[in-house]
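This report describes internal cavities, aromatic contacts and one enclosed helix in a single protein chain. The structure is shown first, and the description follows.

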Amino acid sequence: MIPARFVLTILGFFGYINLYAMRVNLSVAMVAMVGKTHTDNGTNETVITCPELIIPKNLTNENDIETFGEFDWDSSIQGQVIGSYFYGYILTQLPAGILAEMYGAKWIYGIGILMTSLLTFLTPLAARWNVWALVVLRAAIGLSGGVAFPAMNVLISRWVPKMERSRISTAMNLGTMLGTLATNAVTGILSESSFLGGWPSVFYICGLMGIVWFILWALLIHETPDDHPRISKEELIYIHEGLDQAKSKDMKIPWKSIWTSLPMWAVIVAHFGNNWAFYTLLTMMPTYLSNVLHFDLKDNGLVSGIPFLMMALFAFPASIVADYLRAGDYLRVTTIRKLMNSIAFFGPALCAVAIAFVGCRPIIITVLFSVSFGLNGLVYSSFMVNHVDMSPKFAGTLLGITNAIAALPGFLAPAFVGVILKSGQTLRNWAFVYISSAVILFLCGLFYDIFASADLQPWNEENEKKETEKKNSTFSDEYVNSSKL
């Protein structure tokens, strides 16, 4: 019999696969939806950045490129469409964390992904109606998907013992990487096929997969170990012994202490900086490969997915090492988090600088992308699990705060890239995009290394201390009064 917490891990993993499939499918499908000949200067000429990589194919002249898109959206509009997911995503982060702590995380996580799946079905209809209808729909998809991470953090705080925290959290988050990998690869193939109209099939398949997953989630997952009807006594005892005390429903959130905590701000800054670089690469890599290196759509999807495979290959072994170092008491937990974070931030920063200066060398650039994402996979053993380290009682609230702020790059980064590329998709403009990402990674990683802490924070127990003091005070008053009598 599979342990109950591993069933949660497996379905959490597949939940994240579905969530990220519906989150990133538009990035690759956009190449097919818009086509290659569109530019921002109002003409049908494309800025050729790496002309030596182009192999003419039935062209009228050497500067013509085949077109196959049905929408006429410039780079600025494309950036807004891709970033619109995060207009909704940012709004549900904090409410989802608070509600999951108070009323339960299972249904918030599950229904959030179900609604995301149902709305994904409507993407082709919205795109063909009006670009702004697509923007609104993607914002609604983000609104539904935004509840997932805070809710899952609450489930982790209730189900996962301390010594398994890094690897189980990372194992679930492998779904975000492999979901992106599979989606990038399959989207390119489907978009060039005639199946269900080509690119629309991507959204129909993603939506259907999410609905099937929800049925399994509803049947097999339970809110807490104590609620599970089939969990073994041995596992139940093991989980309870490895957990910190859970938050009670009527416990007040220590907002002032949270917002004035430097370790908390270290996680906020790290989360923001990581997401800026990640979303810049995640959302714009297909465009870069298509318009700069001139990969065809099938190759674009496959190459875009390789870095996420590398992230998965790096992330899980790193989480095992992190838990091993913690279990053996070889390093303090704070030191482990900072060590992992330094590799995850400074390594990709160097890779981004290298990409900016390497020129038109697709093999080298693909390798640099892959190494960058691989090293970045170590974030799942650093700041991404730091919320539960600092305060297991408010794990959902903390992730809601950091993920809401870290969602800002979801639309700011693509918009920023769109503005930079407005004057043309030249190597110089793209170099500026990558160097700016490197600077942000370096500064945010340094801030985390200076101020982060994985120690249990005093405000995690703040309410209990106040209640204890109140009870002691009440008891003293009663004792004094009884003595007088």
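## Internal cavities

The count comes to five cavities of 30 Å³ or more. The model is a predicted one, and every value below is computed from it. The two cavities described here are set side by side in the table.

| Cavity | Volume | Lining residues nearest the centre |
|---|---|---|
| Largest cavity | about 160 Å³ | Tyr20, Asn274, Asn275, Tyr380 and Met384 |
| Second largest cavity | about 120 Å³ | Ala277, Leu281, Pro348, Ser372 and Leu441 |

The lining of the largest cavity consists of 17 residues. Two or more of these come from each of helix 1 (4-34), helix 13 (262-291) and helix 17 (383-390). Helix 13 makes the greatest contribution to this lining, with five residues. Sorted by class, the lining of the largest cavity comprises ten nonpolar residues, six polar residues and one charged residue.

For the second largest cavity, 13 residues form the lining. At least two residues each are supplied by helix 13, helix 15 (333-358), helix 16 (362-376) and helix 20 (427-451). Helix 13 again gives the most, with five residues. The lining of the second largest cavity contains eight nonpolar and five polar residues, and no charged residues.

## Aromatic contacts

Across the whole structure, a search finds 23 aromatic pairs. One of them joins Phe13 and Phe14, whose ring centres are 5.0 Å apart. The planes of the Phe13 and Phe14 rings meet at 75 degrees, and the pair is therefore edge-to-face, since an angle over 60 degrees places a pair in that class. As for solvent exposure, Phe13 has a relative accessibility of 17% and so counts as buried, the cut-off being under 20%. Phe14, at 40%, counts as partly exposed.

Phe345 and Phe383 form another edge-to-face pair, with 6.2 Å from centre to centre and 75 degrees between the planes. This pair links distant parts of the chain, as Phe345 belongs to helix 15 and Phe383 to helix 17, 38 residues apart. Phe345 and Phe383 are both buried.

Ring pairs also connect a cluster made up of Tyr16, Tyr20, Tyr109, Phe149, Trp213 and Trp217. Within this cluster, Tyr20 is also one of the residues that lie nearest the centre of the largest cavity.

## Charges over rings

Two arginine contacts with aromatic rings may be added. The charged end of Arg5 is placed over the ring of Phe6, at 4.6 Å from the ring centre. Arg23 lies over the face of Tyr89, with a distance of 4.7 Å to the centre of that ring.

## Helix 18

Does the length of helix 18 agree or disagree with the span expected at 1.5 Å a residue? The helix covers residues 395-406, and its twelve residues should span 16 Å, because the expected span is 1.5 Å times one less than the number of residues. The end C-alpha atoms of helix 18 are 16 Å apart, which agrees.

How is helix 18 placed with respect to the rest of the structure, and how many of its residues are buried? Eleven of the twelve are buried, so helix 18 is largely enclosed by the rest of the structure. The buried residues are Ala395, Gly396, Thr397, Leu398, Leu399, Gly400, Ile401, Thr402, Asn403, Ala404 and Ala406.

Terms used
Residues are numbered from 1 along each chain as its sequence is written. This is a predicted model: local features need pLDDT of at least 70, side-chain atom pairs count only at pLDDT 80 or more; totals for chains, interfaces and linings use all residues. Side-chain values use heavy atoms; hydrogens and water are left out. On a 1 Å grid over the protein atoms alone, a cavity is a set of points where a 1.4 Å probe fits but cannot get out, and a pocket is an open set with protein on both sides within 12 Å along at least five of seven lines; lining residues have an atom within 4 Å of a point. Grid points are joined across faces, edges and corners, and a volume is the space filled by probe spheres set on the points. Helices (H or I, at least four residues) and strands (E, at least two) are DSSP runs, numbered from the N terminus. Ala, Val, Leu, Ile, Met, Phe, Trp, Tyr, Cys and Pro count as nonpolar, Asp, Glu, Lys and Arg as charged, and the others, Gly among them, as polar. Rings of Phe, Tyr and Trp (its six-membered ring) pair if their centres lie within 6.5 Å; planes under 30 degrees apart count as stacked, over 60 as edge-to-face and the rest as tilted. Buried means under 20% relative accessible area, exposed over 50%, partly exposed in between (1.4 Å probe, protein chains only). A charge sits over a ring if NZ of Lys or CZ of Arg is within 6 Å of the ring centre and within 35 degrees of the ring normal.
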